Amino acid sequence: MKTTLLREFLVLAKQLNFSRAAEQLNMTQPVLSRHIKYLEDYFDAQFLKRNTHKVELTAVGQLFAEEARKILSQYETSLAVIKNSLGRGPRSLSIVFLGEATRSFLASFLGDFSACHSDISVEYCDIELDAVPDAFDRHACDLAFFIRPHKGRRLEGLQHIPLFTDPLCIAVNKNHPLARRNVVSIRELGDWPILGPSRQSSPLSWECCSSFLERYGIAFTQIKEGSNLETNCFNVEFNERVIVLLPKHRRGLLGDNSVLVEVAEEDCYFNVELVWHADNMNPYREVFLKEFAEFSGGQNWRGRLGLSLTEADRQPGAVLPMLDATQRDVIMAR
């Protein structure tokens, strides 16, 4: 059986939508349906329940997905071990990052890393938050700089190292009543119409907004869904009543007619993290992690993040040590 069939099934098992899965796999929906039927016929089992409204995994479908992940992981691990033993392993590393949140310090680090390891080809790409899980699923990246709400769910199967925190803020038109405030309580946000991302097309971005509101018993009801945060912030420029939730590092999206106001509650902030898949066997990932641990030890993260001392020391949003001593020791011991 071809391993591509297992990969296709895992994409479908995650998306639970034939159209979206086929689009992600760059194939037509009929071809994907034919491949899934082949798998079900091969095992003489029903992996999926289908109706006009949704697709669900059956119990045996869930089991097949779990075993398929193990098979693919072992397959890739074995190939990597054999190639490395023959000196043919890929001397490359792929990293994705989230724009302004990490660009300043990452550019400095990658310059030093490439100078010290000229034999390792480093590929890096600035992508949207919701594209990160897909990049891991397609094995298109080895490491990612990722942001998630404090107390928000972690992506399944990923290892996490916390880097620093970033306050939750709102963007409002300069004529909005809240624009005259230094800080606002999250409890006040339910009184205003909210612009936000689509839950269907951008589930992680949607969680970045909804999780804070739901934590305080506020329904996340949007008057309009924007295709991305840039579009929503543009709407604030000419709409004097709406609000947009965003992390502070995205303040560069605001125009002349908008202002940024921080949320007062101390638990309303984002965690910026370095993440990688637990099954990733690229040997140069460990090289990167060790170098990054050393790099993080003596950096002025307040300065690199563009925060004043006052901003960095107040809560929420205090910049954490990039890696504490224990985390550095763990990585350096690998």
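**Figure 1. Lys-151 in the loop between β5 and β6 of the predicted model**. Lys-151 is exposed, with a relative accessible area of 61%. That value places Lys-151 in the exposed class because the cut-off is over 50%. Its backbone also stands out: phi of Lys-151 is near 70°, a positive value in a residue other than glycine. Most residues other than glycine have a negative phi.

**Figure 2. Asn-26 in the loop between α2 and α3**. Helix α2 covers 18-24, and Asn-26 sits in the loop that leads from α2 to α3. The phi of Asn-26 is positive, near 60°. Asn-26 is not a glycine. The relative accessible area of Asn-26 is 73%, so the residue is exposed.

**Figure 3. Helix α3, residues 29-43**. Helix α3 has 15 residues. At 1.5 Å a residue, α3 should span 21 Å; the end C-alpha atoms are 22 Å apart, which agrees. Leu-32, Ile-36, Leu-39 and Glu-40 are the buried residues of α3. They cover an arc of only 95° around the axis, which puts them on the same side of α3. An α-helix has 3.6 residues a turn, so residues three or four places apart point the same way. The other side of α3 carries the exposed residues Pro-30, Arg-34 and Tyr-42. Asp-44 comes just after α3 and takes a positive phi of about 50°.

**Figure 4. A nonpolar surface patch with Met-1**. Met-1, Tyr-38, Tyr-42 and Phe-43 make a nonpolar patch of about 450 Å² on the surface. Met-1 lies in the segment before α1. At 49% relative accessibility, Met-1 is partly exposed. Tyr-42, another member of the patch, is exposed on α3.

**Figure 5. Helix α1 and the residue that follows**. Helix α1 runs over residues 3-15 and has 13 residues. From first C-alpha to last, α1 reaches 19 Å, close to the 18 Å expected at 1.5 Å a residue. The buried residues of α1 are Leu-5, Leu-6, Glu-8, Phe-9, Leu-10, Val-11, Leu-12 and Ala-13. Leu-16 follows α1 and has a positive phi, near 50°.

**Figure 6. A salt bridge between Asp-137 and Lys-14**. The whole structure holds 13 salt bridges. In one of them, the side chains of Asp-137 and Lys-14 meet at 2.8 Å, N to O. Asp-137 belongs to helix α6 (residues 132-137) and Lys-14 to helix α1, so the pair links distant parts of the chain, 123 residues apart. Asp-137 is partly exposed, with a relative accessible area of 36%. Lys-14 is also partly exposed, at 46% relative accessibility.

**Figure 7. A salt bridge between Arg-148 and Glu-273**. The closest N and O atoms of Arg-148 and Glu-273 are 3.0 Å apart. This pair too links distant parts of the chain, 125 residues apart. Arg-148 lies in strand β5 (residues 143-149), and Glu-273 lies in strand β12 (residues 269-277). Both residues of this salt bridge, Arg-148 and Glu-273, are buried.

**Figure 8. A salt bridge between Arg-285 and Glu-286**. The side chains of Arg-285 and Glu-286 meet at 2.4 Å, N to O. Arg-285 is buried, with a relative accessible area of 9%.

**Figure 9. Two nonpolar cores**. The largest nonpolar core has 61 residues. Phe-145, Leu-163, Ile-170, Leu-189, Leu-245, Phe-288 and Phe-292 touch the most other members. Strand β6 (residues 158-173) gives the most to this core, with seven residues. Another core, of 20 residues, lies apart from it. Its members include Leu-6, Leu-39, Val-55 and Phe-64. Among these, Leu-6 is a buried residue of α1, and Leu-39 is a buried residue of α3. In soluble globular proteins, nonpolar side chains tend to be buried together.

**Figure 10. Leu-260 in strand β11**. Strand β11 covers residues 258-263 and includes Leu-260. Leu-260 is partly exposed, at 27% relative accessibility. The C-alpha atoms of Leu-260 and Leu-246 are separated by 9.3 Å. Along the chain, Leu-260 and Leu-246 are 14 residues apart.

Conventions: Residues numbered from 1 in each chain as written. Predicted model: local features only at pLDDT ≥ 70, side-chain atom pairs only at ≥ 80, totals over all residues. Heavy atoms only, no water. Helix = DSSP H or I, 4+ residues; strand = E, 2+ residues; numbered from the N terminus. Expected span 1.5 Å × (residues − 1). Buried < 20%, exposed > 50% of the residue type's maximum accessible area, 1.4 Å probe, protein only. Arc of directions from axis to C-beta. Salt bridge = Lys/Arg side-chain N within 4 Å of Asp/Glu carboxyl O. Patch = residues over 30% accessible without salt bridge, like charges linked within 9 Å, V, L, I, M, F, W, Y side chains within 5 Å. Areas by Shrake-Rupley, 256 points an atom, 1.4 Å probe, with all protein chains shown as cover. Core = buried A, V, L, I, M, F, W, Y, C linked by side-chain atoms within 4.5 Å.
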